[in-house]
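Good morning, and thank you for making time for this presentation. I would ask you to keep the sequence and the structure in view while I speak.

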Amino acid sequence: VVCNGKLSEEGYKVFKKYAGEIIVRPNEGLDVWAYKAGLSYYGWDKIEEFDELVMLNHTIMGPVYPFYETFDKMKDRDIDFWGITKHNRMEEDIFGINPYGYMPEHIQSHFMVFRKKLLCSKEFQNYWDNFRKINNYRESVGFHESYFTKYFSDLGYKWEVSVDVCDLHDMSDNPGFYCIRELIEKRRCPIFKRRAFFHDYGQFLETMAGQVVYELYK
């Protein structure tokens with residue numbers, strides 16, 4: 001477990017049930033640099049022994065359904081990395097910093113799984129070893145989350161998500177956030193975003209009336 005910020009004694013005891021090692025660091029670089037710290041702790045020689053590496057952060061809650069369902073669904077697929085939900089392509093780069101000039105279709109970085117071929121690749125290792133400084137949420141999405149999937153896909157690595165949302169493109173660019181009842185109720189998505197309950201209300205009203213949060217809560 002990598003904890004960005006302060007950790008109470010009670011929190012330490014909870015984490016200790018699940019983790020042999022707890023790294024407490026300043027909240028610098030957000031989740032991207034927490035992932036990087038975890039990778040550095042193990043080192044590439046150790047990581048190359050793993051069959052799969054799972055990275056997840058605290059922006060999600062669950063599981064609503066057992067995670068074994070998701071892993072069973074994905075285990076025989078011929079892919080190099082995968083996730084649970086994805087963000088659809090947007091022609092506009094809303095943060096103005098994505099190297100591609102638009103927001104590519106991408107796995108959302110709150111839950112990603114990397115398999116041996118990718119873990120052992122120099123491209124993956126160099127990506128993390130040389131990762132730039134991240135100062136805020138905007139840079140985290142622009143330089144990592146919305147960039148990673150296309151970057152490694154263009155290098156020939158194959159990916160998928162466990163919850164298919166291709167048919168929801170006309171409803172939302174971000175169905176994992178704005179169509180969450182649909183994903184949980186009809187597609188057995190095992191997670192939901194915590195931010196649904198404290199997201200900027202103005203942004204919600206640009207997209208809908210906020211009813212998805214009420215429905216999710218009920």
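I begin with a strand pair: β3 and strand β8, residues 111–115, run antiparallel to each other and are joined by five bridges. Within that pairing, Met 55 has Met 112 of β8 as its bridge partner. Please bear in mind throughout that this is a predicted model.

The two strands belong to a wider arrangement. They are part of an open sheet of four strands, ordered β3-β8-β5-β9, in which the pairing is mixed. Which strands stand at the edges of this sheet? They are β3, residues 52–56, and β9, residues 159–161; each has a single partner strand, so one side of each is left without a neighbour in the sheet. On average, and ignoring direction, neighbouring strands here are turned by 15° against each other.

Let us turn to the helices. Helix α7, residues 137–154, lies across β5 (81–83), β8 and β9, and runs at about 150° to β5. Helix α7 also packs with helix α2, residues 30–42, at an angle of about 65°, the axes being 7 Å apart. On the α2 side, Leu 30, Asp 31 and Val 32 take part, and they meet Tyr 137, Ser 140 and His 144 of α7. By class, the residues of this contact comprise three nonpolar, two polar and one charged.

I come now to the empty space. Rolling a probe the size of a water molecule over the atoms reveals where such space remains. How many cavities of 30 Å³ or more does a search of the whole structure find? The search finds one, and the volume of the largest cavity is about 30 Å³. Its lining consists of Tyr 35, Met 55, Ser 109, Met 112, Phe 114, Trp 128 and His 144. The bridge partners Met 55 and Met 112 are thus met again in this lining, as is His 144 from the helix contact. Five of the lining residues are nonpolar and two are polar, with no charged residues.

Finally, the second largest pocket holds about 190 Å³ of space. Among the residues that line this pocket are Leu 168, Met 171, Tyr 178, Arg 181, Met 208 and Glu 215. Two elements, α9 (180–187) and α11 (211–217), each give two or more residues to the lining. The lining of this pocket divides into seven nonpolar, two polar and three charged residues.

Thank you for your attention.

Methods. Residues are numbered from 1 along each chain as its sequence is written. This is a predicted model: local features need pLDDT of at least 70, side-chain atom pairs count only at pLDDT 80 or more; totals for chains, interfaces and linings use all residues. Side-chain values use heavy atoms; hydrogens and water are left out. On a 1 Å grid over the protein atoms alone, a cavity is a set of points where a 1.4 Å probe fits but cannot get out, and a pocket is an open set with protein on both sides within 12 Å along at least five of seven lines; lining residues have an atom within 4 Å of a point. Grid points are joined across faces, edges and corners, and a volume is the space filled by probe spheres set on the points. Ala, Val, Leu, Ile, Met, Phe, Trp, Tyr, Cys and Pro count as nonpolar, Asp, Glu, Lys and Arg as charged, and the others, Gly among them, as polar. Two strands pair if DSSP finds at least two bridges between them. Axes are lines fitted to C-alpha atoms, for helices over the stretch in contact, and angles run from 0 to 180 degrees between N-to-C directions. Contact means heavy atoms within 4.5 Å.
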